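Notebook open, model loaded. I'm jotting down what I look up as I go, starting with the empty spaces and then moving to the strands.

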Amino acid sequence: MRHLTLLALLLFGLQACQQLDDEDIVQNSTHTLTLRTRAGEAIDYPAYLYIFNETGQCVDTQTISSASQSVSSTLPNGMYSLFVFAGVGNDYQRPSGNATTDKITIKTSNKATTALSAGSQSINLTSDTNVDIALQYAVARIEACITNVPDEYTSVAFKLSPVYSAITLNGEYTGTGQTVETSCSLSVKTTTSYVNKNIKLVFI
């Protein structure tokens with residue numbers, strides 16, 4: 001009788017362990033997250049993807065070469081924050097991606113020759129999922145025209161303040177109170193009735 005009782009207890013213990021393992025497998029199952037970017041206007045690719053889990057840890061980074069390309073990542077169940085940036089040319093300092101507060105910084109004089117665009121989305125990943133992220137410009141393009149500049153002026157500059165110098169991965173602007181200044185270029189426009197000097201400024 002003692003032998004039968006011990007055998008029954010062992011069988012019960014094995015059943016309980018098996019049930020625990022099954023539950024653990026379900027909780028840690030992985031799924032494929034497929035991302036595609038969409039841009040209403042011409043965006044400068046490549047785009048850079050950063051994926052953070054709910055504890056703020058970066059779990060994956062990928063490069064998207066064009067708007068038609070999709071990328072995939074295999075991740076366990078959980079909440080994730082996705083951040084995508086494009087137009088990160090030589091004028092910007094790319095972040096390491098260690099935290100969502102890492103910054104994309106304009107390297108010189110708070111101005112750049114390429115337009116930075118950004119997009120983000122938060123998801124609860126419980127199955128294979130397709131995600132579209134729309135990219136929008138994160139910087140402003142300013143165009144100004146200064147007319148009737150007196151002949152005695154040999155150079156003209158344009159200054160704008162306040163502006164930001166950086167943006168974090170989670171989309172917060174930082175480095176406020178900065179100033180951007182750029183020199184203007186001279187162009188001469190001719191018509192049948194007059195010749196007029198114009199100083200035209202175009203910068204991003």
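How much space lies in the largest pocket? I get about 360 Å³. Before going on, a note to self: this is a predicted model, where local features need pLDDT of at least 70, side-chain atom pairs count only at pLDDT 80 or more, and totals for chains, interfaces and linings use all residues. Residues are numbered from 1 along each chain as its sequence is written, and side-chain values use heavy atoms, with hydrogens and water left out.

**Pocket.** On a 1 Å grid over the protein atoms alone, a pocket is an open set of points with protein on both sides within 12 Å along at least five of seven lines, and a lining residue has an atom within 4 Å of a point. Grid points are joined across faces, edges and corners, and a volume is the space filled by probe spheres set on the points. I find 21 residues lining the largest pocket, and Ile106, Val139, Ala140, Val163 and Tyr164 lie nearest its centre. The lining splits into 18 nonpolar, two polar and one charged (Ala, Val, Leu, Ile, Met, Phe, Trp, Tyr, Cys and Pro count as nonpolar, Asp, Glu, Lys and Arg as charged, the others, Gly among them, as polar). β7 (103-106), β11 (157-163) and β12 (166-168) each give at least two lining residues; strands here are DSSP runs of E, at least two residues, numbered from the N terminus.

**Cavity.** A cavity is a set of points where a 1.4 Å probe fits but cannot get out. I see one of 30 Å³ or more, and the largest holds about 30 Å³. Its lining has six nonpolar residues, three polar and no charged. β4 (70-76) supplies at least two of them, as do β1 (30-39) and β2 (47-53), and β4 has the largest share, with three.

**β5.** I checked strand β5 (78-86) next: seven of its nine residues are buried (under 20% relative accessible area, 1.4 Å probe, protein chains only). β5 runs antiparallel to β2 over seven bridges and to β8 (117-125) over nine; pairing needs at least two DSSP bridges. Ser81 is the bridge partner of Phe52, while Tyr80 stands opposite Ile123 in β8.

**Thr37.** Last stop, in β1. Why does Thr37 count as buried? Because its relative accessibility is 3%. The Thr37 side chain makes a polar contact with that of Tyr45 at 2.8 Å (N or O atoms within 3.5 Å, one able to donate a hydrogen and the other to accept it; residues adjacent in sequence count only if both atoms are side-chain atoms). Beyond four places away in sequence, Thr37 touches residues including Ile64, Val84 and Leu135, with contact meaning heavy atoms within 4.5 Å.

Notes:
Helix = DSSP H or I, 4+ residues; strand = E, 2+ residues; numbered from the N terminus. Buried < 20%, exposed > 50% of the residue type's maximum accessible area, 1.4 Å probe, protein only.
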